Amino acid sequence: MTCRTFPLICAHTGSGAAPDNTRASFLESIAMRADVAEVDLRVTEDGKVVLLHDHSPLLAELTFEQLNRPENRVKLSPVYESHTITTLDEVLGLAREYGIKLNLDIKTNAVIEPAIKSIRNFEMEELVFITGCSDEITNRHRGIKVLYNTPDVLTEQEELDYIGWARIVSEWANVGGYYGLNLNYRTCRSELVEYAHRLGLAVWVYTVDDRESLKEMIDLGVDEITTNEVNLLKQLKMETG
């Protein structure tokens, strides 16, 4: 039995044994043969984009070279005692070499311009997708694939009129020039998938780890699933292929 093409399998950062947002973690995504690797991005004082999930005051105080010194990087997390801080440029180079797609979860608007400059420099527009902060990217930077992030939790009114909400966010993304929608999987239902697809929008969901929910998302026909359980999702795709 062959494995179905969709949904794409996106390895959530840290989905292997290595610590989140490290070079070792990214290499694990490649070794697991994920279609997409998700990483979190922040920026240092001198404009260097780095893989990091949580904010630290050190980012605004130190250059990348200073932050990456052992005595400073361990202030971010104990994991950096044995891992250096990874830059977006490193990841872009590896992604181009191995042909893996990237889901760049941009954590602050300050990351946008230096990140897109790096994407352009590496000529990686076709392999890169942006989630997270996306302020004005579709207006300022043509050719960059950006997904519109919907709310993590629906309001009571949105739950009562789910179809209306699904149409609003889909039409907003379509008019705004977005590549697709990026949703908490708990808010994703068939009505949204069908309407978004009708408008030519991709539907991505995060972060799905249990078997039942993974099967449900596959059956809904979403285009990408971000997961910590890459091998399980690969198995389920084979079973439903």
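Arg189 sits over the face of Tyr162, 4.2 Å from the ring centre. Keep in mind that this is a predicted model. Beyond that charge-over-ring spot, here's a quick look at the aromatic pairs and at one buried asparagine, Asn184.

**Aromatic rings**
- The tally of aromatic pairs comes to four.
- Take Phe129 and Trp204: their ring centres are 4.9 Å apart and their planes meet at 55°, so this pair goes down as tilted. For a pair to be called edge-to-face, the planes would have to be over 60 degrees apart.
- This pair ties together distant parts of the chain, with the two positions 75 residues apart in numbering. Phe129 belongs to strand E5 (residues 128–132), while Trp204 belongs to strand E8 (residues 202–206).
- Are these two residues, Phe129 and Trp204, buried or exposed? Both Phe129 and Trp204 are buried.
- Tyr179 joins in as well: together with Phe129 and Trp204 it makes up one aromatic cluster.

**Asn184 and its surroundings**
- You'll find Asn184 in strand E7, which covers residues 180–184.
- Why does Asn184 count as buried? Its relative accessibility is 11%, and the cut-off for buried is under 20%.
- Which residues does Asn184 touch, once neighbours within four places in sequence are set aside? Asn184 is in contact with Asp152 and Tyr206.
- With Asp152 there's a polar detail too: a polar atom of the Asn184 side chain lies 3.3 Å from the backbone oxygen of Asp152.

Methods. Residues are numbered from 1 along each chain as its sequence is written. This is a predicted model: local features need pLDDT of at least 70, side-chain atom pairs count only at pLDDT 80 or more; totals for chains, interfaces and linings use all residues. Side-chain values use heavy atoms; hydrogens and water are left out. Rings of Phe, Tyr and Trp (its six-membered ring) pair if their centres lie within 6.5 Å; planes under 30 degrees apart count as stacked, over 60 as edge-to-face and the rest as tilted. Helices (H or I, at least four residues) and strands (E, at least two) are DSSP runs, numbered from the N terminus. Buried means under 20% relative accessible area, exposed over 50%, partly exposed in between (1.4 Å probe, protein chains only). A charge sits over a ring if NZ of Lys or CZ of Arg is within 6 Å of the ring centre and within 35 degrees of the ring normal. A polar contact is a pair of N or O atoms within 3.5 Å; within protein, one must be able to donate a hydrogen and the other to accept it, and residues adjacent in sequence count only if both atoms are side-chain atoms. Contact means heavy atoms within 4.5 Å.
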